[in-house]
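Here are some remarks on the empty spaces in this model and on one charged side chain, set out as numbered points for your consideration.

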Amino acid sequence: MLRAFSTASMIDGSVRRRSRRIIGVTTVLALLAGAGVATGAAHAAPADDHRASLQQKGFGLAVMAVAHLGDWRNAPENSIPAIEQAADLGAEIVEIDIRRTSDGHLVVMHDNDLSRTTNGTGTVSARTLSYVEGLWLREYRGGAAAELTNHRVPTFTQALAAAGNDVLINVDKAWAHREQIWAEATAAGMNDQVLFKSNGTASEVNDFLNAHPDALYCHVIDATNYTIVSSFARDLDCYEVVWADAAEPHVSPAFLADLQTRGRVWMNSLWKNLAGTHTDEGALRDVGGWGELVAMGASIIQTDEPAALRYWAEGGRASTYGLPEGGVRVQAENYALGGAGIAYLDNDATNQGADVHRPDEGVDVCESENALYVCWIRGGEWISYTVTVPVTDTYRITARVSSPHRPAGRISLDFGTFTAPAIDIMTTTGHKYFLTQEIHPGVSLTAGTHTFTMHVPTGTNQNFNLDYWQFEPV
């Protein structure tokens, strides 16, 4: 079955393009504003302005957003729509991965093995371009349970065309193919939009930059190679600083201050140990994240949440991104009080979440990348919640969930006087890959506090995580 990514979730901040730039950032934001959804202002600047911004150096620079794998929450990773939609969300840079086929062609693919993200087998390096181009991409981040979509594996040249004049393209896993990438980008008239990156030796970097003095380049810096920064033939456009512990020498205030005089500092908030404990999920909860990285000197942040990062960078509060005016969120770990049999029923009395939240109770609450969520959800269990809505209205109910499985699970919501129809939980292709889905299009609630209960039916496979409920006035 081929899944067509013909629509995208407003709550995840994306609107599908019907054609190149017909639906652009301004239109997207107008739609979101009309829905009362918290979002950021459009970045209308084309790629030449992004290049000029990238080449700034010094302190207090405006944050540039790098969309990791493109907008994979609304399109397959490393796909044409993922690149296009990342630009629509306001990312100045889109990160893609490059592999080379057995007959010498460059394609956009994270893994060398084809099985995770496509319906193919074998490795990119052992397959011809004809074979790879004929494959279908799997949804989101791929995996065995991910459905196939109606999108193909793009070539590097096709990815450049998708970028147009909207964004810079950071090529990862690509240093070995740098001359071919440069040649193809030059042929497309876009070598001023391609940002190279490596942790190569100073000698090979200098040779490349001497041969191509206009090339954009970022070097990966860690605790083993940080002294290399004084060995380059020129200051670089950026320095990607990777670190797990703030005590590491290359994240000392003095070193980072010196680095900012040489070029932009790039940090990654994708998951822990890339930038200490500062993550996207933490940023979305106002618990560590982007602000701390900027305070350290970062002015480029690679993220899986480009729209939320842009919203935050332009003055919004990250924890309210995607929350409509008058909307209410209920964190899944903040279930009702009263204990077992009153507030919840769990299949075992032990909290399987390593005692991170209400450890004396049986509801399983896990922590990952600074996110607390209900986990180990199984058939026959139920959990009660309270929600306080500000006005009498009809409220759309959504939930932020994750699961690599298909089927992922099934739930129903009981409000006492009303029971919402049971609904299947979506497959997000990973336990850490949270996506938002609609649970019910509209429930009438009076102003005040209401109790509702999530029931998980018996006799079905259940293996999903629940981050929060959201009630949106419609």
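1. How do the residues of the lining of the second largest cavity divide into nonpolar, polar and charged? In this predicted model, that lining has eight nonpolar residues and three charged ones, with no polar residue among them.

2. The residues that line the second largest cavity include Val363, Val374, Cys375, Ile377, Trp382, Ile383, Met454 and Val456, and also Asp346, Asp364 and Glu381. The space in the second largest cavity comes to about 50 Å³, and the count of cavities of 30 Å³ or more is two.

3. Turning to the open spaces, the largest pocket holds about 410 Å³, and 28 residues line the largest pocket, with Leu284, Tyr321, Arg329, Arg400 and Tyr468 lying nearest its centre. Two or more residues of that lining come from each of helix 11 (306–313), strand 13 (328–331) and strand 23 (465–473), and helix 11 gives the most, with three residues.

4. By class, the lining of the largest pocket is made up of 12 charged, 11 nonpolar and five polar residues, a division that may be read beside the eight nonpolar, no polar and three charged residues lining the second largest cavity.

5. A separate point concerns Arg51, which is placed in helix 2 (residues 47–54). Arg51 is buried and yet has no salt bridge, the nearest side chain of opposite charge being that of Asp214, at 5.1 Å. The side chain of Arg51 does, however, reach the backbone oxygen of Asp192 at 3.0 Å.

Methods:
Residues are numbered from 1 along each chain as its sequence is written. This is a predicted model: local features need pLDDT of at least 70, side-chain atom pairs count only at pLDDT 80 or more; totals for chains, interfaces and linings use all residues. Side-chain values use heavy atoms; hydrogens and water are left out. On a 1 Å grid over the protein atoms alone, a cavity is a set of points where a 1.4 Å probe fits but cannot get out, and a pocket is an open set with protein on both sides within 12 Å along at least five of seven lines; lining residues have an atom within 4 Å of a point. Grid points are joined across faces, edges and corners, and a volume is the space filled by probe spheres set on the points. Ala, Val, Leu, Ile, Met, Phe, Trp, Tyr, Cys and Pro count as nonpolar, Asp, Glu, Lys and Arg as charged, and the others, Gly among them, as polar. Helices (H or I, at least four residues) and strands (E, at least two) are DSSP runs, numbered from the N terminus. Buried means under 20% relative accessible area, exposed over 50%, partly exposed in between (1.4 Å probe, protein chains only). Lys and Arg count as positive and Asp and Glu as negative; His and the chain ends are not counted. A salt bridge is a side-chain nitrogen of Lys or Arg within 4 Å of a carboxyl oxygen of Asp or Glu. A polar contact is a pair of N or O atoms within 3.5 Å; within protein, one must be able to donate a hydrogen and the other to accept it, and residues adjacent in sequence count only if both atoms are side-chain atoms.
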